[in-house]
Amino acid sequence: MLLFHGYGLGLYGELSRQCYLVVPLIWAALLLWSKPWLEHHAYGPLEWLWRALTRGKPPAMAKPALETPR
């Protein structure tokens with residue numbers, strides 16, 4: 001939406017068909033980035049922002065440590 005919609009860069013209809021390879025590349029990058037991010041953080045960046053705005057204070061970004069069973 002930020003690339004193609006009017007309130008973003010407004011690129012809808014401006015790019016040739018070859019440039020639409022950008023979408024699968026962005027999608028693949030997000031897939032590769034999300035698992036390592038969520039292994040170390042409790043929330044994604046936009047979810048963290050949403051929680052901070054709705055609760056009025058920023059939540060902890062680090063993932064809580066898991067307790068080992070006895």
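1. Trp33 is partly exposed, because its relative accessibility of 42% falls between the 20% and 50% limits. The model is a predicted one, and the values in this note are to be read with that in mind.

2. Trp33 has a ring partner. The structure holds one aromatic pair. Trp33 and Trp37 form this pair, with 5.3 Å from centre to centre and 45 degrees between the planes. The pair counts as tilted because an angle of 45 degrees is neither under 30 degrees, as stacked would need, nor over 60, as edge-to-face would need. A pair of aromatic rings is described by the distance of the centres and the angle of the planes.

3. The two tryptophans belong to one helix. Trp33 and Trp37 are four residues apart in helix α1, so about one helical turn separates them. Trp37 has a relative accessibility of 21% and therefore counts as partly exposed, since buried would require a value under 20%.

4. Helix α1 covers residues 22-40. The helix has 19 residues and reaches 27 Å from its first C-alpha to its last, close to the 27 Å expected at 1.5 Å a residue. Helix α1 also has a kink of about 25 degrees at Ser34, shortly before the proline Pro36.

5. Trp33 also takes part in a nonpolar surface patch of about 530 Å². The patch is made by Trp33 together with Leu3, Leu9, Val22, Ile26 and Leu30. One of these residues, Ile26, lies in helix α1. Ile26 counts as partly exposed because its relative accessibility is 39%, and patch residues need over 30%.

6. Which side chains meet in salt bridges? The count comes to two salt bridges. Side chains of opposite charge can pair when their charged atoms come close. In one bridge the side chains of Glu39 and Lys35 meet, at 3.4 Å from N to O. In the other, the side chains of Glu47 and Arg51 meet, at 2.9 Å from N to O. Both pairs count because their distances are within the 4 Å limit.

7. The bridge between Glu39 and Lys35 sits in helix α1, where the two residues are four apart, about one turn of the helix. Is each partner exposed or only partly exposed? Lys35 is exposed, because its relative accessible area is 57%. Glu39 is partly exposed, because its relative accessibility is 46%.

8. The bridge between Glu47 and Arg51 sits in helix α2, and because the residues are four apart there, about one helical turn separates them. Glu47 has a relative accessible area of 37% and so is partly exposed. Arg51 is partly exposed as well, because its relative accessible area is 23%.

9. Helix α2 covers residues 45-55 and includes Leu49. Leu49 is partly exposed, because its relative accessibility is 40%. Leu49 and Leu9 are 40 residues apart in sequence, and their C-alpha atoms are 23 Å apart in space. Leu9 is one of the residues that make the nonpolar surface patch.

Methods: Residues numbered from 1 in each chain as written. Predicted model: local features only at pLDDT ≥ 70, side-chain atom pairs only at ≥ 80, totals over all residues. Heavy atoms only, no water. Buried < 20%, exposed > 50% of the residue type's maximum accessible area, 1.4 Å probe, protein only. Patch = residues over 30% accessible without salt bridge, like charges linked within 9 Å, V, L, I, M, F, W, Y side chains within 5 Å. Areas by Shrake-Rupley, 256 points an atom, 1.4 Å probe, with all protein chains shown as cover. Phe/Tyr/Trp six-rings, centres within 6.5 Å; stacked < 30°, edge-to-face > 60°. Expected span 1.5 Å × (residues − 1). Bend = angle between axes of the 7 residues up to and from the residue.
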